[in-house]
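Why does a structural term apply in one place? Let us test some terms against a model.

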Amino acid sequence: MPVPVPHQRTVVLPHQAGPVDDACADTAQVAGAPGAGDTTVQGVSAPATAVGRPSDPPASSDHLASHGFQNAGRAQPAEQRVSADHGPLHQGLTLLLIGEDPNSHVPDMWDWAGRKVRLRTARNLTEAERLLTDDVHCILLDLPPRAPGDRTERDPARAGAPDDELGMLRDVLRMATSHAVLVLTYETDAQRAADAVRVGAQDYLFRDELDGAVLSRAVRYAVERKRADLAQRQLTESRMLAQENARLERGLLPTPLLDGSDLRFAACYRPGRSRALLGGDFYDTVRTPDGTVHAMIGDVCGHGPDEAALGVELRIAWRALTFAGLSGDELLATLQKVLEHERADDEIFATLCTVDISADGRRAGLCLAGHPAPLLAQAGERPQLLPYEFGGPALGLLPNARWPRRQVELGGSWSLMMYTDGLIEGRIGQGNQRLGQEGMTELVSRQMAAGLTGEELLEASVREVRDLNGGELTDDVAVLLLDRR
């Protein structure tokens, strides 16, 4: 059987119509043209019948201008609205009618700007799929009436379930996931119409009530509702993705392994990226079977997600190498190889500070790879920076670099604070002066003199640094504190 060729009705825009009387202009207003006072339809299942003559031709641009429609025949910036996935609405709406009788009468319809809605017709889904182009905004699915033998009571076990007769609607919804869908049926099929909305249609209409004003309003409402649904879906998907990223980032933050040690651990972490939990700074602390406590803190240059991922890789590699028995220069040389293989380009480098605290807690081995020296506060003494002179270059800068290990005496009671440069590079006031290591030392000394310890000390220090900067710090900040009392 030859496939029938669907017809497409002629497009008639307001500026193409001839002069008409005032009644025709009123009809365009009833149909929802600008200035009609009916630009938004609240959520209703079946739009109420409006009074008008939608079959009359649209008003001319001169006549529309006399009713407040200036430049009706030309696209205005206010009309250049974008419908989800369907291009600019200033080109007018297009409706695709799917029904067994393509010659069934459909009243003329008008869009927001008083333009006549373009109409395409298809007898089946095969034709509809061919005509469903990006410029189609809404689909009107004409459901055939139920056969007399089908007007039986529904199975009580399937109460509340949509009819199998809505299979065509489901096919349309699968085919047109981003298009608004209206269902046209008879008033005697009110239950099936309600089922259609539950299945996914934006609204339904009864043939008995159908006129141009009702159909125009329903089409506009369906398009806007579908647009809102798509926007809400995208928002929900974005929120779910953000929640998944947050859970992932929280899972990548380290859990210190200090079982059996008398040292107390505290940390404070503030990524520089907006709405992120993880930045390019990284830290970790573990205790090996010989009783040695190993701590490290590092900083990958940059603030993006790639730098954050690289920081996590370096941290995990450091933990694995430490448990494998590596330390000092050998460990840092291996980490540099990891960095060289994992970084996105040769310009990426990372600074690192490692501390190995003996089992008795009185001595430590310090290695610096381009990183600021830790701050040591011994009992009864003012906090001081550990020596930096024997440090080596940052990881990734020199292929055959060396990182000497310096022995440090800690004493019986002490606090050791390790940090990244985000803590010392904040500004002081409105000028260009930076806080620096000396300013940080003075700041932490005052906090300790006030009796602050642990996480309370770190939070207070970071908060004061932020206040001195006059706002949030743009760089990542990581601070780690180990105490022995």
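The questions below set values from this predicted model against the rules behind the words.

Q: What makes strand 3 and strand 4 a pair?
A: Two strands pair if there are at least two bridges between them. Strand 3 (residues 94-98) and strand 4 have 5 bridges, in the parallel sense. The rule is met, so they count as a pair. One such bridge joins L97 to T121 in strand 4.

Q: Which order do the strands of the parallel sheet follow?
A: The order is 4-3-5-6-7. These 5 strands form an open sheet. Its edge strands are strand 4 (118-122) and strand 7 (203-206), and each pairs on one side only. From one strand to the next, the twist averages 25°.

Q: How do you know that helix 5 packs on this sheet?
A: Contact means heavy atoms within 4.5 Å. Helix 5 (residues 190-199) touches strand 6 (180-185) and strand 7. The direction of helix 5 makes about 160° with that of strand 7.

Q: How do you know that strand 10 and strand 11 pair?
A: Count the bridges again. The rule asks for at least two. Strand 10 (residues 293-300) and strand 11 (residues 350-357) have 8 bridges, in the antiparallel sense. The rule is met, so this is a pair. M296 stands opposite T354 in strand 11.

Q: Why are strand 9 and strand 15 said to stand at the edges?
A: The sheet is open, antiparallel and made of 5 strands in the order 9-10-11-12-15. Strand 9 (281-287) and strand 15 (406-409) each have a single partner strand, so one side of each has no neighbour in the sheet. The twist in this sheet averages 20° from one strand to the next.

Q: Which helix lies across strand 9, strand 10 and strand 11?
A: Helix 7 (residues 305-323) does. Helix 7 runs at about 15° to strand 9. Helix 8 (residues 328-342) also packs on the sheet, touching strand 11 and strand 12 (363-369). The direction of helix 8 makes about 150° with that of strand 11.

Q: What makes a space a cavity, and how many are there of 30 Å³ or more?
A: A 1.4 Å probe must fit inside but be unable to get out. The structure holds 5 cavities of 30 Å³ or more. The largest has a volume of about 60 Å³. It is lined by 13 residues, and L252, L278, D281, F282 and R315 are the closest to its centre. Helix 7 gives the largest share of that lining, 4 residues. By type, the lining has 9 nonpolar, 2 polar and 2 charged residues.

Q: Why is the contact between R207 and D142 called a salt bridge?
A: The rule needs a side-chain nitrogen of Lys or Arg within 4 Å of a carboxyl oxygen of Asp or Glu. In this pair, the closest N and O atoms are 1.8 Å apart. That distance is within the cut-off, so the name applies. By this rule the count comes to 17 salt bridges.

Q: What does the salt bridge of R207 and D142 tie together?
A: R207 lies in the loop between strand 7 and helix 6 (212-252), and D142 in strand 5 (residues 138-142). The pair therefore ties together parts that are 65 residues apart in sequence.

Key
Residues numbered from 1 in each chain as written. Predicted model: local features only at pLDDT ≥ 70, side-chain atom pairs only at ≥ 80, totals over all residues. Heavy atoms only, no water. Helix = DSSP H or I, 4+ residues; strand = E, 2+ residues; numbered from the N terminus. Axes fitted to C-alpha atoms, helices over the stretch in contact; angles between N-to-C directions. 1 Å grid on protein atoms, 1.4 Å probe; cavity = no way out; pocket = protein on both sides within 12 Å on 5 of 7 lines; lining within 4 Å. Points joined across faces, edges and corners; volume = space filled by probe spheres on them. Nonpolar A, V, L, I, M, F, W, Y, C, P; charged D, E, K, R; others polar.
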